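Welcome, and thank you for taking a look. Please have the sequence and the 3D view open side by side, and let us walk through a few places together.

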Amino acid sequence: MNFSNLHRSHYLQQLTSTNFDVLVIGGGITGCGIALDAALRGLKTALIEKEDFASGTSSRSTKLIHGGLRYLKQLELKLVHDVGTERAVVHRNARHVVIPEKMLLPIVEGGTLGEFSTSVALWVYDVLAGVKKTERRKMLNKSSTLKQEPLLAGDKLLGSGLYFEYRTDDSRLTIEIAKQAYQEGALLLNYLSFEDFIYTNGKITGVKAHDKVTGKNIEIQAKTVVNACGPWVDLLRKKDDSLRGKRLQLTKGVHIVFPYQKLPLKQAVYFDVGDGRMIFAIPRNGITYVGTTDTVYSDSIDKPQCTKADCDYLLKALNTMFPGLGLKLEDIESSWAGLRPLIHEDGKSPSELSRKDEVMVSDTGLISIAGGKLTGYRLMAEKVMDLVVEKSGGKYPSSSTAYKRLGGGNFSSEENFRESRETLLAKAIGQNIPVTVAEVWFQRYGIYMSYVLKNAEQVRNSFAEETEWLLAAELLYAIEHEMVYHPADFFIRRTGDIYFAHPSTKNQLQSATEFLCSKLPVGDLAKQQMLEDITAAYRSAVSFE
Ligand code: FAD
């Protein structure tokens, strides 16, 4: 059975009639990672998500699988080692969506980075992260730096360090993990919200949940419940009356997107701002995105917004580092804001708070996990599941996610990856699909691009315009294999088009909603609401209060 909301009533029936070994609440990268680890160990596993998979922080990050060079400054050596070495693992398991990216670290007069200290820091980073020879750091002088990135301010430039990170698409990586977990036997459902715990003799034995699609309330039985709700973790701990000791401190980070012509970087740059923060500027498929800020946050968790002050901060930093461009607020094409679920530490500023993860277990048996990074999601899942297994008497095997390929990333080697890519791109070109579209499809779907190609063949004669049948081919795949229910699932989390292809997406909102509602059992009222919601989401990507 495909991973599709077409089977929603079957999933709901399974959820109410099974006593699960583990139930995960929260379908971000942490929760989906836990569901995959659990299913691979043979546990009966379920996951519920109140909105869409990755609709929380896991679609709002800088979209890097990185070792956290910045954390060297804070001497978090273990964290740098753990997430640094993990980069290669995530790349190996999802090569299509985790792509090596050279990063330039400019050294400027009066900046916080010196030539010697940067060289040593990058060397330590390479050693701690176990970076392979071909990807080790190089130090560049001023003229080589300007060749690498001509837009940098030349007057104060001293040189740079060039090192490797990995670029990803956070929500696509999350959905690939969810798809793999489903394939391994876990049951994962979006738009099903946790409402309350069920207790037997003081221990949690299940949860009450609300189905946002049908409006029905259900009960799910589980031997262990894991709270992987990211910024919402403490709300569930409060509900369980176990919010004691460590607590979350939320900080907000925003990103802004420019059309490539406005910020035409040849290469990704990671630069320091006077206040000690570091900012990424990353060119990608026709745009350049920039972030991030880091400010204490105590507003609505559900709808963090990018404000004008956030934009001004990033614009000032950009216009200092790339002074020839004169970037303005009107040049920003779209934006997103996300919340970091960090662990509170007295007296520390947002940037100083550790990105380490933390597992908390309550007397009622609730296991909560918070903090961490996208990059370390697999290690976090392993840690949580080791605990679940230990609690259950240890009758399950140890984690096997280290070599588990994710979703469309099932390539046996780098060579096999290249061959598969060439074959699929050639097939797409043979079907008259523009090569730029084919390349994006491969990055999104990996080997499953073959399904999208098949869809394209099937639907092309039903539409007059090329853009229409290309959209329908992808939408059909997203509905039938990726649990898309709402247009926002598609435009924000399965494709990211609302941010990265903002102008052209506008004309697709209505037709995509019509198409989606013709395939899924959605009534007229719900359809109208969906159209209003996706239009509002489209607008909020460029409204800065
Ligand atoms: P989330 O993704 O927020 O998932 C929690 C889920 O729980 C949500 O989907 C939510 O809807 C669901 N939920 C909440 N309440 C309920 C309920 N009642 N019932 C059911 N479901 C519920 N990390 C990196 O490695 N690289 C980066 O480049 C990077 N950049 C970042 C930049 C920014 C600005 C931010 C904010 C973070 C960044 N991170 C980065 C960190 C990374 O994004 C997070 O650590 C990670 O996404 C957290 O995932 P999560 O699954 O724990 O939380």
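Which atom of the ligand lies 3.0 Å from a backbone N or O atom of lysine 50? The partner is a nitrogen atom of the ligand. Before going further, please keep in mind that this is a predicted model.

**Around the ligand**

Leucine 64 and phenylalanine 194 also place polar backbone atoms by a ligand nitrogen, as the table shows.

| Residue (backbone N or O atom) | Ligand atom | Distance |
|---|---|---|
| Lysine 50 | nitrogen | 3.0 Å |
| Leucine 64 | nitrogen | 2.7 Å |
| Phenylalanine 194 | nitrogen | 2.9 Å |

On its own, the ligand would expose 1,000 Å², and the protein buries 96% of that. There are 37 residues around the ligand, and those that come nearest are Thr30, Glu49, Ser58, Leu64 and Thr375. By type, the shell divides into 19 polar, 12 nonpolar and six charged residues. If you would like to find parts of this shell by element, look at helix α2 (29-40) and at strands β8 (192-200), β11 (248-259) and β16 (334-343): each of them supplies at least two of its residues.

**The nonpolar cores**

Next, turn to the largest nonpolar core, which has 76 residues. Within this core, Leu173, Leu188 and Ile220 touch the most other members. Its largest share, eight residues, comes from α2, an element that also contributes to the shell around the ligand. Leucine 188 makes contacts with residues from many parts of the sequence, including Phe3, Cys32, Leu47, Phe53, Tyr182 and Met483. A second, separate core holds 70 residues, among them Phe411, Tyr445, Ala473 and Ile479.

**Two residues to visit**

Threonine 174 sits in helix α7, which spans residues 170-183. Is threonine 174 buried or exposed? With a relative accessible area of 0%, threonine 174 counts as buried, because buried means under 20%. A polar atom of the threonine 174 side chain lies 2.8 Å from the backbone oxygen of aspartate 170. Farther along the sequence, threonine 174 is in contact with residues including Gly27, Gly28, Ile29, Cys32 and Ser58; Ser58 is also one of the residues that come nearest to the ligand.

Alanine 488 belongs to helix α15, residues 487-494. Alanine 488 is buried too, at a relative accessible area of 11%. Beyond its close sequence neighbours, alanine 488 is in contact with Arg493 and Ile534. Asparagine 455 is 33 residues from alanine 488 in sequence, and their C-alpha atoms are 21 Å apart in space.

Key
Residues are numbered from 1 along each chain as its sequence is written. This is a predicted model: local features need pLDDT of at least 70, side-chain atom pairs count only at pLDDT 80 or more; totals for chains, interfaces and linings use all residues. Side-chain values use heavy atoms; hydrogens and water are left out. A residue is near a molecule or strand if one of its heavy atoms lies within 4 Å of it. A polar contact is a pair of N or O atoms within 3.5 Å; within protein, one must be able to donate a hydrogen and the other to accept it, and residues adjacent in sequence count only if both atoms are side-chain atoms. Accessible areas come from the Shrake-Rupley method with a 1.4 Å probe; for residues, only the protein chains shown count as cover. Helices (H or I, at least four residues) and strands (E, at least two) are DSSP runs, numbered from the N terminus. Ala, Val, Leu, Ile, Met, Phe, Trp, Tyr, Cys and Pro count as nonpolar, Asp, Glu, Lys and Arg as charged, and the others, Gly among them, as polar. A nonpolar core is a set of buried Ala, Val, Leu, Ile, Met, Phe, Trp, Tyr and Cys residues joined through side-chain atoms within 4.5 Å. Buried means under 20% relative accessible area, exposed over 50%, partly exposed in between (1.4 Å probe, protein chains only). Contact means heavy atoms within 4.5 Å. Lists of a residue's contacts leave out its neighbours within four places in sequence.
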